[in-house]
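Biologist: I'd like to learn how to read a protein model. Could you take me through this one, feature by feature?

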Amino acid sequence: MEKGYKYTGYMMLLLLVMAIVAFYKTYFGQFPNFEVNTTALSHSAVSMIDHIHVVFALLWVGLLIGQPLLIRFGRYKTHRRLGRISYLVFLMLILTCIQPIIRILKADHAMLAYLPISDSVLLILFYVLAIFYRKDTAKHMRYMIGTSLVFLGPIFGRIGPTIFNIHPKIANHIKFAVLYVLLSTLIYLDKKTGRNYRPYVIILACFMVKQFLFTLLL
């Protein structure tokens with residue numbers, strides 16, 4: 001593993017903490033008696049699909065944490081086995097995104113469906129690129145980091161309104177600002193050390209397109 005990325009697995013723990021904080025009020029804090037979830041996007045009880053989605057989202061974050069650590073400590077066989085399991089985890093993660101999208105559409109919030117749809121598209125794109133370059137460790141790792149950055153969408157979408165009482169649209173623009181700072185920093189560090197920073201440029205461009213369409217549609 002590249003020296004500058006040896007703590008990637010530990011950094012991914014921050015993503016898990018942020019997800020728990022973001023969804024504590026609307027999900028984790030309600031366990032095991034879930035109430036009707038009232039948000040700008042929906043007004044409905046938590047369904048079985050929602051629970052399944054949370055399980056596979058947590059499994060995916062667990063892979064984002066565990067896989068870099070396995071590489072760091074030389075557990076390459078285990079890393080490859082979990083990599084094959086990730087195909088199923090990722091497929092279930094995407095499939096369980098469909099029902100929430102349909103729920104938003106049925107609630108007459110058609111334009112707001114853009115958020116989970118665009119997140120799903122980027123998640124699929126970055127994961128497919130990561131698998132395509134699975135034998136190129138540098139590119140593979142950077143595109144997997146890209147999949148983790150997609151999770152900042154729903155995280156900021158909950159933290160902003162529920163914790164800081166920020167309008168969802170403003171929270172999303174703050175998210176994009178944070179993403180641009182993170183990706184610009186990663187590009188600068190990789191360029192400075194002579195590493196392959198092009199995957200980050202592609203990821204950055206994708207998020208810029210997403211923000212442009214977000215502003216245009218919403």
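Biologist: Let's begin with one residue: does Asn165 count as buried or exposed?

Modeller: A word on the ground rules: this is a predicted model, where local features need pLDDT of at least 70, side-chain atom pairs count only at pLDDT 80 or more, and totals for chains, interfaces and linings use all residues. Residues are numbered from 1 along each chain as its sequence is written, and side-chain values use heavy atoms, with hydrogens and water left out. Now, buried means under 20% relative accessible area, exposed over 50%, and partly exposed in between (1.4 Å probe, protein chains only). Asn165 counts as exposed because its relative accessibility is 70%. You'll find Asn165 in the loop between α7 (152-163) and α8, and its phi is near 55°, a positive value in a residue other than glycine.

Biologist: How many helices and strands does the protein chain have?

Modeller: Helices (H or I, at least four residues) and strands (E, at least two) are DSSP runs, numbered from the N terminus. Here there are nine helices and two strands, in the order α-β-β-α-α-α-α-α-α-α-α.

Biologist: Which residues does Lys175 touch?

Modeller: Contact means heavy atoms within 4.5 Å. Skipping residues up to four places away in sequence, Lys175 touches Leu152, Gly153, Phe156 and Lys210. Lys175 itself sits in helix α8 (residues 168-192).

Biologist: And what is the nearest side chain of opposite charge to Lys175?

Modeller: For charges, Lys and Arg count as positive and Asp and Glu as negative, while His and the chain ends are not counted. A salt bridge needs a side-chain nitrogen of Lys or Arg within 4 Å of a carboxyl oxygen of Asp or Glu. The nearest opposite charge is Asp119, 5.0 Å away, and Lys175 is buried yet has no salt bridge.

Biologist: What about Thr78: which residues is it in contact with?

Modeller: Apart from neighbours within four places in sequence, Thr78 is in contact with Gln67 and Leu70. Thr78 belongs to helix α3 (residues 76-95) and is partly exposed, with a relative accessible area of 24%.

Biologist: Where is Met11, and is it buried or exposed?

Modeller: Met11 is in helix α1, and it's exposed, at 55% relative accessible area.

Biologist: Last one: what share of the protein chain's residues is buried?

Modeller: Buried residues make up 41% of the 218. Along its principal axes, the C-alpha trace spans about 50 × 35 × 30 Å.
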